[in-house]
Amino acid sequence: MDLPRDLYARFRVLIHEVAKFGLVGIIAFFITLGGANLLHYGAGLGPLTSVTIATVVATVFAFFGNKLWAFRHRKGSHWGRESVLFFVFNGIGLLIQLGVVAAVHYGLGMDSKLAYNVANIIGIGVATIFRLYCYRRWVFLLEDAPLTEQLEPEKSGT
């Protein structure tokens, strides 16, 4: 009994999707956080405007990274449907992120650079969990087999 190999075989699709999604997400994270700081502290834009612009840029990057790489094997949909759902769920994710930043900045009155960045990171984290679930569940669908079959270990004919 080789438990690690059995677990990997059972969850290999999920492991690869999460790893690729994570790499795209890390790059999008730096685009968002760096862009928001540059726009807010460098260009003097408001905290929510800065987060919104940086997140939109990161979202466009993430769409192509996820569509063309992380979820490339999921061919069960078309560009139009996936694009609309992707950007709808990212819009909701942006609202989650803005809610955290607004609560800290305006609700708690914490407007330091540290508070802004911590709030932004927490918002990104919560929104990322939401996005991953939505991408796998509704956006990047499998063509023929339901997701549960893709996660099952391959059965041998013996």
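**Notebook: a five-helix chain**

I began with Phe64, which is partly exposed at a relative accessible area of 41%. My classes are buried under 20% relative accessible area, exposed over 50%, and partly exposed in between, with a 1.4 Å probe and protein chains only. This is a predicted model, where local features need pLDDT of at least 70 and side-chain atom pairs count only at pLDDT 80 or more, while totals for chains, interfaces and linings use all residues. Residues are numbered from 1 along each chain as its sequence is written, and side-chain values use heavy atoms, with hydrogens and water left out.

**Phe64, continued**

I placed Phe64 in helix 2. Helices here are DSSP runs (H or I, at least four residues), strands are E runs of at least two, and numbering starts at the N terminus. Which residues does Phe64 touch, not counting those up to four places away in sequence? I found Trp69 and Trp79. Contact means heavy atoms within 4.5 Å. I also looked up Val24, which is 40 residues from Phe64 along the chain. Their C-alpha atoms are separated by 9.3 Å.

**Whole chain**

I counted 5 helices and 0 strands. From the N terminus on, the order reads α-α-α-α-α. The chain has 158 residues, and 37% of them are buried. I then took the contacts with a separation of 6 or more. Of these, 76% are between residues 24 or more positions apart. The accessible surface of the chain is about 9,100 Å². Carbon and sulfur atoms hold 70% of that surface. These areas come from the Shrake-Rupley method with a 1.4 Å probe, and for residues only the protein chains shown count as cover.

**Asn66**

I stayed in helix 2 for Asn66. Is Asn66 buried or exposed? Asn66 counts as buried because its relative accessibility is 2%. I left aside neighbours within four places in sequence and listed its contacts: Phe21, Val24, Phe71, Arg72, Phe86, Tyr135 and Phe140.

**Salt bridges**

How many salt bridges does the structure hold? I found 2. The criterion is a side-chain nitrogen of Lys or Arg within 4 Å of a carboxyl oxygen of Asp or Glu.

One salt bridge joins the side chains of Glu17 and Arg136, at 2.6 Å from N to O. This pair links distant parts of the chain, with Glu17 in helix 1, Arg136 in helix 4, and their positions 119 residues apart. Both residues, Glu17 and Arg136, are buried. Glu17 counts as buried because its relative accessible area is 1%. I also logged the Glu17 and Arg136 side chains as a polar contact of 2.6 Å. A polar contact is a pair of N or O atoms within 3.5 Å; within protein, one must be able to donate a hydrogen and the other to accept it, and residues adjacent in sequence count only if both atoms are side-chain atoms. Not counting residues up to four places away in sequence, Glu17 touches Ala70, Phe71, His73, Arg74 and Arg136.

I then checked Lys67 and Glu82, whose closest N and O atoms are 2.3 Å apart in a salt bridge. This pair also links distant parts of the chain: Lys67 is in helix 2, Glu82 in helix 3, 15 residues apart. Lys67 and Glu82 are both buried.

**Helix 3**

I checked the length of helix 3, residues 79–107. Its 29 residues should span 42 Å at 1.5 Å a residue, and the end C-alpha atoms are 39 Å apart, which agrees. The expected span is 1.5 Å times one less than the number of residues. Buried positions in helix 3 include Phe86, Phe89, Gly93, Leu94, Gln97, Val101 and Val104. An α-helix has 3.6 residues a turn, so residues three or four places apart point the same way. What do the buried residues of helix 3 pack against? They pack against helix 1, helix 2 and helix 4 (113–139). Gly109 follows helix 3 and has a positive phi, near 70°.

**Nonpolar patch**

I ended on the surface. Leu23, Ile26, Ile27, Phe30, Phe61 and Trp69 make a nonpolar patch of about 550 Å². Helix 1 (3–42) and helix 2 (47–70) are the elements that give two or more residues to the patch. Which helix gives the most? Helix 1 does, with 4 residues. Patches are made of residues with over 30% relative accessible area and no salt bridge; like charges are joined within 9 Å, nonpolar side chains (Val, Leu, Ile, Met, Phe, Trp, Tyr) within 5 Å. Phe30 sits in helix 1. Phe30 counts as exposed because its relative accessible area is 55%.
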